[in-house]
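Please look through the sequence and the model shown below, and keep both at hand while reading. The paragraphs that follow go from one part of the chain to another.

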Amino acid sequence: MMAQAVPNPPNDKKRVKVYELKNNDWFDRGTGFCVASFIFNEANRQEEPRMLVQSEDEPDKILLETRICKEDSFQKQQDTLIVWTEPTTSIDMALSFQEGDGCAAIWKFIHNIQQQLLAVGGPDDALSDDISTDPFVNNQLTLPNPGLGNLAEIESQVRGLHCTVQGREALVKYILNEENNYIPKLIPLVEMAEDMEDLPSLHRLCNIMKTVILLNDANIMDHVVSDELILGVVGALEYDPDFPSHKANHRHWLSKEGRYKEVVHIDDETIRKKIHATYRLQYLKDVVLARILDDPTFSVLNSSIFFNQVDIVGHLQTNPAFLKELFGVFGPQETDQERKKEAVLFIQQCCAIAKNIQQPTRQQLYNNFLGHGLLSVINFALRHSDVGVRVGATDVLVSMIDHDPQMIRQTIFRQISEKQTPLTDSLIDLLLVEADLGVKAQIADAIKVLLDPGSQNGPLENLSRANGDIAGRMRPQPDPQQAEFVKDFYDDSAKKLFKPLVDLKDRDNMDFSVHQVSLFIYLIEILCFFVRQHTHHSKYFVLSESLGQRIAQLLSSPEKYLRLTALKFFRNLIGLQDEFYNQQMTQGKLFEPILDLVIETMPRDTLLNSACLEFFDFIKRENIKNIISHLVENYREKLAKITYVDTFNNYIIRYDQTQGFASNMESSFLDTEEDTTPKRPETGRGNRWEGIKDLDAQEEEYFNTSDDEEDVAVKASSSRAAANGASPTSKPLVDYNSDEENDNMDTDLSAGILEGTDENTPPASSSKASSNGVHTPLSSSAVSPLEKMSEKRRREEEDDDEMSKLTQPKRRNSSSSVASNTSSVLRRKKSFNNQNGGSGGKNKIAISLSPAIKTGGESQGGGDSGS
């Protein structure tokens, strides 16, 4: 038969959002414009039907490109959704259209293309043979007409179809076919079987409904939760054959009209239907199908719920009239308190839905709520007598703080600038009187997050001590608003927050009610957070209010978990290793109740005892010397009583061993490593030779056996250095020869080379050497004077390096440097003259020992030393 002509593709672009299913959650890949058309394929030289989505922000970027194939993987859900599974990657994709007309146009094109591909039976993909041989392709599937007599046959046939992919697809098409109208035909059988008390038929109806739902088709899900079918479907699911003696009450729960409360009327009928459908889908997922739910069904249900929620939130936040009426409920003209309660719970549900949607939409919703006065609603709800309203208010607040705490802080800053009661004060008032533990926990967390300075303090302090320049560049600039907010908090609000702890003064009875115990626990947790985060403000506050002494009183409480929390506070103080807190604890004698707690609980291995032992073990491990000294000096007898662990005996032994060795506790007490480490010498106190250690035996021997000429130079330069006060360690990096010296060296060396034609020929002796009658013959293996000079210089340069390591580096003035260089040049010049024209007995070349030990007034002495 002739194939039906494919209509022209939609030529205008449709605005859509592209979603991809990742880990059972829909990920937003971006917004763009969708086009469905025929595109030429270079590979097979044919035009193929494809669907493209071009990015709205980057027109050159393609967000999606998929080929429309014969396989029926595309599904249209509701009016604005098209979902499918990519055949090559098996990834679930979805397009959410801005307008229903655009979705209908694209879907019409896709549906017609698939019909044409199925009609012509062309080789579209690898599954074409399987599909063409499928007996259900041409809607050949038929099911028996529903009746109590053939339910067994229907159940068997449905289960058989559910076992194959082609069978499931054919069954979905058959059920969704409006002509068959199959599910509405099954629903009346439930009431008939109930009237006849036909339990086997009810069990079969339950199995048939389960199989239909587990087909994992979104359209079937939307179909069964419709107003006409939902009660009949859940009625059949009440009779589970796995529990034959039990019957559920799903219809009773869903049929109650009071469960849907409309605080503000929603005019859009479609949105109202989606709200009902979402609630029913959640009920199916969490209650009816919770036991038999598999991953594909769970994913389909979550997808339907997610897209419904996106549409609901999008409609509400783009409806200014609705928001104005909603928040107007809390105005002074409204007197219905029940309506205000329902409005708070409605806002709570909106914020709960917002947790699951994309970040930009969630941000827009919160901004709209804040703009219409959300914080005033929270203040009202926190003081409400109904605990459910208070839970709703804290839930909304925590949701917004988790999303963006800075947004709430900015609102609090605005409240303070307008002389209004800040939100933090409202939270403090509620924390002090709230009896519900869940609300109390959420309020405590909210207070900590709102007062968290972030990275403004603390973490970079150690780095600044190691490298101030790097830390200065890395440290972020503190937020002046947040700093001022924290300062104001400690000036006023903190005293009100911790007043229950301050009121423990002069109280002997530590028996508290459950409400008081929970309040103390949360207050100590908050104080631990403040001590870590507010480094400067918390120190003064803890000291001025004597909070350490008050919390120490709680260590005698009969409630063990309260004592553990109090011990946790002191463990936080010790863990900071801050001298300020260490002194507070020693001066306030706050270690005594902790020691008494160890003695009271020993030797039982309880959580409380173990926490105390870890507390004292940390002090020993970190060698906190002043605390150990305080413990041994004041509580030696108590420490001696605790013998079942060696921690306390170790305190006493180490204290006794190190007590008499040094008077400076800070530098010597329990510091075994520092005792063996050489301390850096102190310099700059009038003696410039401080810091040079004594020469060892080898170095002393070398200098004692030096040449006479070098001895004279060393003694003269040393005496002048001490007299002039010049630095003994100044040494030029490179000791260059003067021009005159270089000329003399070149002349003398060249003359020796020309005259000595054989290396065994001795150099010509001077008249002074001849007159003295000193002649030293050179053997064939003797080195030349030039080689002797280089060897001697190398040895002395090595000694110079050793000498420079022994001295403290100091700068010297320019005149001293010039004079030192001049003296060394003159000495070498004289030494070369003596070599060429002086004594030839040992052929010695006098080299200055080191310019580092010459000072400014030895220029003349340098010349005389060689004569």
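In the hairpin formed by β5 and β6, three residues lie between the strands, and one residue to look for there is Gln-78, which takes a positive phi near 55°. The model is a predicted one, and the angles and distances given here are computed from it. Strand β5, residues 75-77, pairs with β6 in the antiparallel sense over three bridges, and within this pairing Gln-77 stands opposite Leu-81 of β6. Strand β6 itself covers residues 81-85 and is mostly covered, since four of its five residues are buried. On going further along the chain one meets strand β7, residues 92-97, which runs antiparallel to β6 and is joined to it by five bridges. Here Thr-85 stands opposite Asp-92 in β7, and the hairpin of β6 and β7 has six residues between the strands, with Ser-90 in the turn showing a positive phi of about 60°.

Positive phi values deserve a brief pause, because most residues other than glycine have a negative phi. Outside these hairpins, Asp-506 has a positive phi of about 65° although it is not a glycine. Asp-506 lies in the loop between α23 (499-502) and α24 (514-533), and with a relative accessible area of 71% it is exposed. Gln-577 is another residue other than glycine with a positive phi, in this case near 50°, and its place is in the loop between α27 (560-576) and α28 (579-587). Is Gln-577 buried or partly exposed? At 40% relative accessibility, Gln-577 counts as partly exposed.

From the loops we can turn to a helix, α3, which runs over residues 151-162. Its 12 residues reach 16 Å from the first C-alpha to the last, close to the 16 Å expected at 1.5 Å a residue. The buried residues of α3 are Leu-151, Ile-154, Glu-155, Val-158 and Leu-161. Seen down the axis of α3, these buried residues fall within an arc of 135°, so they line one face of the helix. What covers the buried residues of α3 includes the helices α4 (165-176), α5 (182-196) and α6 (199-213). Within α4 one finds Lys-173, which is partly exposed, with a relative accessible area of 33%. The C-alpha atom of Lys-173 is separated by 9.7 Å from that of Ile-220, although the two residues are 47 places apart along the chain.

A different helix, α16 (residues 387-403), holds Asp-395. This residue counts as buried because its relative accessibility is 18%, below the cut-off of 20%. When its neighbours within four places in sequence are left aside, Asp-395 is in contact with Gln-348, Lys-355 and Gln-442.

The aromatic rings offer another way through the model, and a search of the whole structure finds 24 aromatic pairs. One of these is formed by Tyr-19 and Phe-307, which meet edge-to-face, at 5.3 Å centre to centre and with 80° between the planes. Tyr-19 lies in strand β1 (residues 14-22) and Phe-307 in helix α11 (residues 295-317), so that this pair ties together parts that are 288 residues apart in sequence. Both Tyr-19 and Phe-307 are buried. Tyr-490 and Phe-541 also form an edge-to-face pair, with 5.7 Å from centre to centre and 70° between the planes. This pair, too, links distant parts of the chain, as Tyr-490 is in helix α22 (residues 480-497) and Phe-541 in helix α25 (residues 535-544), 51 residues apart. Tyr-490 is buried, with a relative accessible area of 7%, and Phe-541 is likewise buried, with a value of 5%. Which residues make up the aromatic cluster that contains Tyr-490 and Phe-541? The cluster is formed by Phe-489, Tyr-490, Phe-498, Phe-529, Phe-530 and Phe-541.

Rings also take part in arrangements with charged side chains. Lys-22 lies over the face of Phe-27, at 4.5 Å from the ring centre, while the charged end of Arg-571 sits over the ring of Phe-618, 4.1 Å from its centre.

Methods: Residues numbered from 1 in each chain as written. Heavy atoms only, no water. Helix = DSSP H or I, 4+ residues; strand = E, 2+ residues; numbered from the N terminus. Expected span 1.5 Å × (residues − 1). Buried < 20%, exposed > 50% of the residue type's maximum accessible area, 1.4 Å probe, protein only. Arc of directions from axis to C-beta. Contact = heavy atoms within 4.5 Å. Phe/Tyr/Trp six-rings, centres within 6.5 Å; stacked < 30°, edge-to-face > 60°. Lys NZ or Arg CZ within 6 Å of the ring centre and 35° of its normal. Pairing = 2+ DSSP bridges.
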